[in-house]
Amino acid sequence: MSVPRPPHPEPTPREGPAMTQPGPRLHTVPVTPRTTWLFVFVHPVGGAPGWGECSDIPASEARRLLAGLAPLVAGLGPQEATDVLDRAGDAWSGHGRYPTGRLHRRTVLGGLATALADSAARTAGAPLGAWLARRAGAPRPRRTRVPLYANINRALTARTPQAAAELAARAVAEGHRTVKCAPFDGLDTPHRLERGLEIAHAVRDAIGPGRTLLLDAHHLLKPRHFLARAEEFTRLRPGWLEDAAPLSAPGDLLRIRDALGIPLAGGEFAGTAREILPALRAGALDVLLPDVKHAGGPLGLLRLAGLATDHGARVSLHNLGGPVATAASAHLTAHLSDGLPLEAMYGETPVHRTSIPPEPLTGAGYTLGDAPGLGLTPVLGTAGVH
């Protein structure tokens, strides 16, 4: 299921009349004190407008990097710009001296690449998923409803078992059959393991034995912590344990999985094959969690997903973004054949105020229509309630 890069000469900034076309623009939308959505808007030469998202990095850094990336696609139509960025993006995003800088570059690359893909699909009059399938020479996605799972982490303002249980119960009452929590976040180090397990057990009890619990450790625990409480983790019966150890440490991942007997997931910040291959080659990763924002956009994400499936791992898209990233992720999930649900932030912001038309969320599903591109346009302004 790999997506080949089309041959194309190395890009150079264009000169002349085409340069008068407005370049990419960044729009910031405050959501909560913790979350601000960053939307990328493009209107390529001869093409329809398009939207992308590069949330979860500082807005000032996103604006600076976007201005530096824009000359690569200046004066190009949406299809040609998509091809150029797909070819040159890895080299551009790899120029950062430190890992954080490279992540910021990949995230801005992902936002611009998504916006250009949205523009290309809208220009072609096709939904994003159908446009991606046509480009890859694959059948048009047949799924029109993408299953979602509820991540309750950002809506959880009190790190207590009771608060987590109440939020999880609300998600279940609204139709979710899978709930993810990060029980070890926001806790003092000396008590993190004990109190985090109490929160995890409270969420398990709240959703009931017939539903799926996903746990995200966010690299806050050491392998010895998992090994010391292996039986307790096993009793929680999670569908997967996320970020138990870095993908660059497959030995630690294998030790944890052997002791707990739980599928391991990770890779939300991965943008290149070399970041995921150590774990995949060792057979230490059961579920890859690529994010369209951090993977360099839709085409980059599909290449990572193809690597995962080639090595026997499953794929479920990571998604902590706003309506643009969620729409792109839904189209990508429909394009994949895995069937695992897509992540959706639960309870952080009112759905009806985020996009036009409103996000097509029904119960625990995202319904894809026939509208071209992403199928929606983000609402600019203040999306959430402070």
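## The internal cavity

The lining of the largest cavity divides into four nonpolar, three polar and two charged residues. This cavity belongs to a predicted model, and its volume is about 30 Å³. The structure holds one cavity of 30 Å³ or more. The residues that line the largest cavity are R143, V315, S316, L317, T333, L336, D338, G339 and L340.

## The largest pocket

The largest pocket has a volume of about 570 Å³. It is lined by 23 residues, of which R106, L247, F269, A270 and E275 are the closest to its centre. In character, the lining of this pocket comprises eight nonpolar, eight polar and seven charged residues.

Three helices, namely helix 2 (78–93), helix 3 (99–124) and helix 10 (273–281), each contribute at least two residues to the lining of the largest pocket. Helix 3 gives the most, with five residues.

## Helix 10 and its surroundings

Helix 10 also has buried positions: I276, L277, A279 and L280. Its buried residues pack against helix 9 (250–260), strand 9 (287–288) and helix 11 (298–310). Just after helix 10 comes G283, which takes a positive phi of about 70°.

## Helix 4 and its surroundings

Helix 4 spans residues 128–136, and its buried residues are L128, G129, A130, W131, L132 and A133. These buried residues pack against four helices: helix 2, helix 3, helix 11 and helix 12 (323–335). Helix 2 and helix 3 thus appear here as packing partners of helix 4, and each also supplies at least two residues of the lining of the largest pocket. Helix 11 is a packing partner for the buried residues of helix 4 and for those of helix 10.

After helix 4 comes G137, where phi is positive and near 70°.

## Strands 5 and 6

Strand 5 (residues 178–181) pairs with strand 6 in the parallel sense, over four bridges. Within this pairing, T178 has T212 of strand 6 as its bridge partner. Strand 6 covers residues 212–216 and is mostly covered, with four of its five residues buried.

## Cysteines and disulfides

The model contains zero disulfides when cysteine sulfur atoms must lie within 2.5 Å of each other. A disulfide is a covalent bond between the sulfur atoms of two cysteines.

Two cysteines can be described by their accessibility. C54 has a relative accessibility of 1% and is therefore buried, as the limit for this class is under 20%. C181 is likewise classed as buried, because its relative accessibility is 3%.

## The exposed residue D370

D370 lies in the loop between strand 14 (365–367) and strand 15 (377–378). Its relative accessibility is 64%, so D370 counts as exposed, a class that begins over 50%.

Leaving aside residues up to four places away in sequence, D370 touches P127 and R140. D370 and D243 are 127 residues apart in sequence, and their C-alpha atoms are 36 Å apart in space.

Notes. Residues numbered from 1 in each chain as written. Predicted model: local features only at pLDDT ≥ 70, side-chain atom pairs only at ≥ 80, totals over all residues. Heavy atoms only, no water. Buried < 20%, exposed > 50% of the residue type's maximum accessible area, 1.4 Å probe, protein only. 1 Å grid on protein atoms, 1.4 Å probe; cavity = no way out; pocket = protein on both sides within 12 Å on 5 of 7 lines; lining within 4 Å. Points joined across faces, edges and corners; volume = space filled by probe spheres on them. Nonpolar A, V, L, I, M, F, W, Y, C, P; charged D, E, K, R; others polar. Contact = heavy atoms within 4.5 Å. Pairing = 2+ DSSP bridges.
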